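Let's take a friendly look at a protein together with its ligand. Have the sequence and the 3D view ready as you read.

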Amino acid sequence: MYEELHIPVMVEEATSLLVAKPDGFYVDGTLGTGGHAEAILRRGGERLSYLGIDRDPAAIEIARRRLAPFGERARIVQGNFRDLARFAAGRPADGVLLDLGISSLQLADGTRGFSYMTDGPLDMAMGPDGRSVRELLATAEERELGRIVREYGEERRYRAVAREIVRRRSREELATTAALRDCAASVAPAADRFGTLSRVFQALRIWANGELEHLAAALPDAVSALAPGGRIVVISYHSLEDRIVKRFLRQEERGCVCPADFPQCRCGRAPRLRLVVRRALRPAPEEIERNTRARSARLRAGERVPNESA
Ligand SMILES: C[S@@+](CC[C@H](N)C(=O)[O-])C[C@H]1O[C@@H](n2cnc3c(N)ncnc32)[C@H](O)[C@@H]1O
């Protein structure tokens, strides 16, 4: 039944890399409907404990029901994974999982405004801490709209999209997904219409939820929260996220942040991670066949280095 709401991606790869201690403590920053959570809890022993975080109250409600059989071993909180260290309350984690982006549950709910496939109010907030897309489209300057579409959607027609939003809103407010869809579709050639729509909707969703900022803020804290030997596993779904994760993991593996032309290190930062996956893992073709959402997934992982001085 839960798989109808959201099919978790790369479950075997993620949990086999993550769960090394049957009685460990595992933090999942993106609980969603609890697919990875259930796999983590089943993989460990009776003494494994789990903390799941999600900003979306609808996902939390479903996950609570799903994880009820695990009793107190599964703790669930509604919040932002940016505050992961605070929720873990100083308890060193044996693993941290981030399965980024949006869930099928969120995408399928027309009332939440994430998808151009269903008509609904232009909302796109994953949780109460999100920003209003409707307000952005009504008030932002054309230049700012263009920047958001270019930066978060990597859409090359960003100028035309922004110009069209400003032109249309002078006649009536863009308040629904259908209005935004018509607007963005009108500046795209037929052959690239769906691509443009996906990129524009992605851009606005990323902006509304501060997705890249929260990710960049959460990663260093997630590593700090790890016990020596503990692992961080991150699954991302587009190049903007994956770039942040990849650079971060490489930086943590290197340690030193001194400019390349410094004859010797002055920052004194020691490596905190060892990469356990050198090149991002991709889902097996059979998984992509079963679940098209897995198509763009990239999994990266690092392990906290014991006895480092940082
Ligand atoms: C891809 S889904 C996770 C699915 C989950 N692994 C499962 O198996 O059901 C991503 C989830 O992360 C949540 N999310 C995204 N950004 C978040 C953030 N900054 N803090 C907390 N939750 C976040 C979304 O609300 C969504 O439910």
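Below we visit the ligand and its surroundings, and then some salt bridges.

This is a predicted model, in which local features need pLDDT of at least 70 and side-chain atom pairs count only at pLDDT 80 or more, while totals for chains, interfaces and linings use all residues. Residues are numbered from 1 along each chain as its sequence is written, and side-chain values use heavy atoms, with hydrogens and water left out.

**The ligand and its shell**

How many residues surround the ligand? There are 25, and the closest are His36, Asp54, Phe81, Asp99 and Gln106; to count, a residue needs a heavy atom within 4 Å of the ligand. Sorted by class, this shell holds six nonpolar, 14 polar and five charged residues. Here Ala, Val, Leu, Ile, Met, Phe, Trp, Tyr, Cys and Pro are nonpolar, Asp, Glu, Lys and Arg are charged, and the others, Gly among them, are polar.

The table shows polar contacts of the ligand (pairs of N or O atoms within 3.5 Å).

| Ligand atom | Protein partner | Distance |
|---|---|---|
| oxygen | Gly34, polar backbone atom | 3.3 Å |
| nitrogen | Phe81, backbone N or O atom | 2.8 Å |
| nitrogen | Asp99, side-chain N or O atom | 2.8 Å |

On its own, the ligand has 600 Å² of accessible area, and the protein covers 99% of it (Shrake-Rupley method, 1.4 Å probe).

**Salt bridges**

A salt bridge is a side-chain nitrogen of Lys or Arg within 4 Å of a carboxyl oxygen of Asp or Glu, and by this rule there are 26. One of them joins Arg278 and Glu253, whose closest N and O atoms are 2.4 Å apart. Another links the side chains of Arg82 and Asp83, at 3.9 Å from N to O.

Are these last two residues buried or exposed? Arg82 is partly exposed, at 34% relative accessible area, and Asp83 is partly exposed too, at 22%. Buried would mean under 20%, exposed over 50%, and partly exposed lies in between (1.4 Å probe, protein chains only).

Notes
Polar contact = N/O pair within 3.5 Å; in protein donor to acceptor, adjacent residues only side chain to side chain.
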